[in-house]
Amino acid sequence: MLVTVLGANGPTGRLLSKQLVYAGHTVRALTRHLDAGGLAGLGITVIGGDATNEKDLRRVLRGAEAVVSVLGTPYSKQPISLYSESARAITRVLADGPRRLVVTSSAALSSWQDPGMSWAERHVLLRILARLGRTLYDDMRRMEDIVTAADLDWTIMRPLGLANMDSPTVYAIAEDHIGGKQTARRDLAAAIVEQVTRTDYIGKTAAVATTNRSVSIPLTIWREGIKPNLKRS
Ligand SMILES: NC(=O)c1ccc[n+]([C@@H]2O[C@H](COP(=O)([O-])OP(=O)(O)OC[C@H]3O[C@@H](n4cnc5c(N)ncnc54)[C@H](OP(=O)(O)O)[C@@H]3O)[C@@H](O)[C@H]2O)c1
């Protein structure tokens, strides 16, 4: 299949683009940084553009049979609009394009509490997510509303906190909620690759967790939530 990847230049996006190629798909990637490299060598067609811009999206979606998005942005105290703006533009463009859309949200939007988490882990996690992630999760919620209202074959992926983990990892997928501590980026990518051809999660939210390893939750929050902001400031 010809699959368009949005957010292809991010850490999950690169893994996802490669895994799609290994799975036999033809990949077209949208990136704001054509010079960031690494993807074109794999036979992936890399197109420069912004995922909130309908004109750019039309170019990268021409002829595609499925669209997968791992678009993301770091936590910020400022309002975030990437998720909702891109969802609005993508769903408009897909009205004349492929029906299959897989977008990435977060398990932080779920109200379900993992009984496997200690009180301290849950307390730290909820405090930090509420402080650091409020504007981001607000916008992810808007994205989910836009996607679920669209007349498309959509699936919303909800990973736990992402972490870079070496092979071999094992993951589980379940509707709406899943227990666990993290999702390895390679597992989120693999789960999305599966969704391109699977139909059982169409119109559903798919929670994904890595089941055979984990990193400490405070360390994940530091690496994924706090450090990227320090780098930017
Ligand atoms: N980090 C976590 O713990 C966590 C937890 C749950 C869910 N998620 C979600 O999982 C997904 C993957 O996260 P990640 O940490 O691997 O990736 P990421 O660092 O969030 O990178 C996302 C990519 O999106 C691209 N992007 C942002 N705005 C764009 C725009 N307007 N047009 C085109 N591209 C744009 C960025 O491109 P540039 O290179 O141009 O900036 C970047 O390559 C994201 O959807 C994220 O929100 C993350």
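This passage describes the fold, the ligand shell and selected local features of a predicted protein model. Residues are numbered from 1 along each chain as its sequence is written. Because the model is predicted, local features need pLDDT of at least 70 and side-chain atom pairs count only at pLDDT 80 or more, whereas totals for chains, interfaces and linings use all residues.

The protein contains 7 helices and 10 strands, where helices (H or I, at least four residues) and strands (E, at least two) are DSSP runs numbered from the N terminus. Its radius of gyration is 17 Å, close to the 17 Å that the globule rule gives for 233 residues, so the protein is as compact as a globular protein of that length; the radius is taken over C-alpha atoms, and the rule is 2.2 Å times the number of residues to the power 0.38. Taken along the principal axes, the C-alpha atoms fill a box of roughly 50 × 40 × 35 Å. Of the 233 residues, 42% are buried, a residue being buried if 20 or more other C-beta atoms lie within 10 Å of its own, exposed if 12 or fewer, and partly exposed in between, with C-beta atoms placed from the backbone. Among contacts between residues at least 6 apart in sequence, 74% join residues at least 24 apart, a contact requiring C-beta atoms, placed from the backbone, to lie within 7 Å.

The ligand is surrounded by 25 residues, of which the closest are Gly7, Gly10, Thr12, Arg32 and Gly72; a residue is near a molecule or strand if its C-beta atom, placed from the backbone, lies within 6 Å of it. Helix H1 (11-22), strand S2 (26-31) and strand S7 (161-163) each supply at least two residues of this shell, and the largest share, 3 residues, comes from H1. By class, the shell has 8 nonpolar, 13 polar and 4 charged residues, where Ala, Val, Leu, Ile, Met, Phe, Trp, Tyr, Cys and Pro count as nonpolar, Asp, Glu, Lys and Arg as charged, and the others, Gly among them, as polar.

Two of the shell contributors, H1 and S2, also belong to a right-handed β-α-β unit made by S1, H1 and S2. A crossover is right-handed if, with the strands pointing away from the viewer, the path from the first strand over the helix to the second runs clockwise. Within this unit, strand S1 (residues 2-6) and S2 pair in the parallel sense over 5 bridges, pairing being assigned if DSSP finds at least two bridges between two strands, and the bridge partner of Val3 is Val27 in S2. S2 is also joined by 4 bridges to strand S3 (residues 45-48), to which it runs parallel, with Leu30 standing opposite Ile47 in S3. S2 is mostly covered, 5 of its 6 residues being buried.

Strand S5 (residues 100-104) is likewise mostly covered, with 5 of its 5 residues buried: Arg100, Val102 and Thr104 lie on one side and Leu101 and Val103 on the other, so that both faces are covered. Strand S4 (residues 66-69) and S5 pair in the parallel sense over 3 bridges, and Val68 has Val102 in S5 as its bridge partner. Between these two strands the chain crosses from S4 through helix H3 (residues 82-94) to S5 in a right-handed β-α-β crossover. S5 further pairs with strand S6 (residues 153-159) in the parallel sense over 5 bridges, and Trp154 in S6 is the bridge partner of Leu101.

The loop between S4 and H3 holds Tyr75, which counts as buried because it has 20 C-beta neighbours inside 10 Å. Leaving aside its neighbours within four places in sequence, Tyr75 is in contact with Leu132, Gly133, Leu136, Gly225 and Asn229. Gly133 is also 17 Å, C-alpha to C-alpha, from Glu121, the two being 12 residues apart along the chain. Glu121 lies in helix H4 (residues 119-132) and, with 15 C-beta neighbours inside 10 Å, counts as partly exposed.

Two backbone features remain to be described. The peptide bond from Ser167 to Pro168 is cis, with omega near 0 degrees, and Pro168 is placed in the loop between S7 and strand S8 (171-175). Asp176, although not a glycine, has a positive phi of about 70 degrees; this residue lies in the loop between S8 and strand S9 (182-184) and counts as partly exposed, with 13 C-beta neighbours inside 10 Å.

Technical notes. Two residues are in contact if their C-beta atoms, placed from the backbone, lie within 7 Å.
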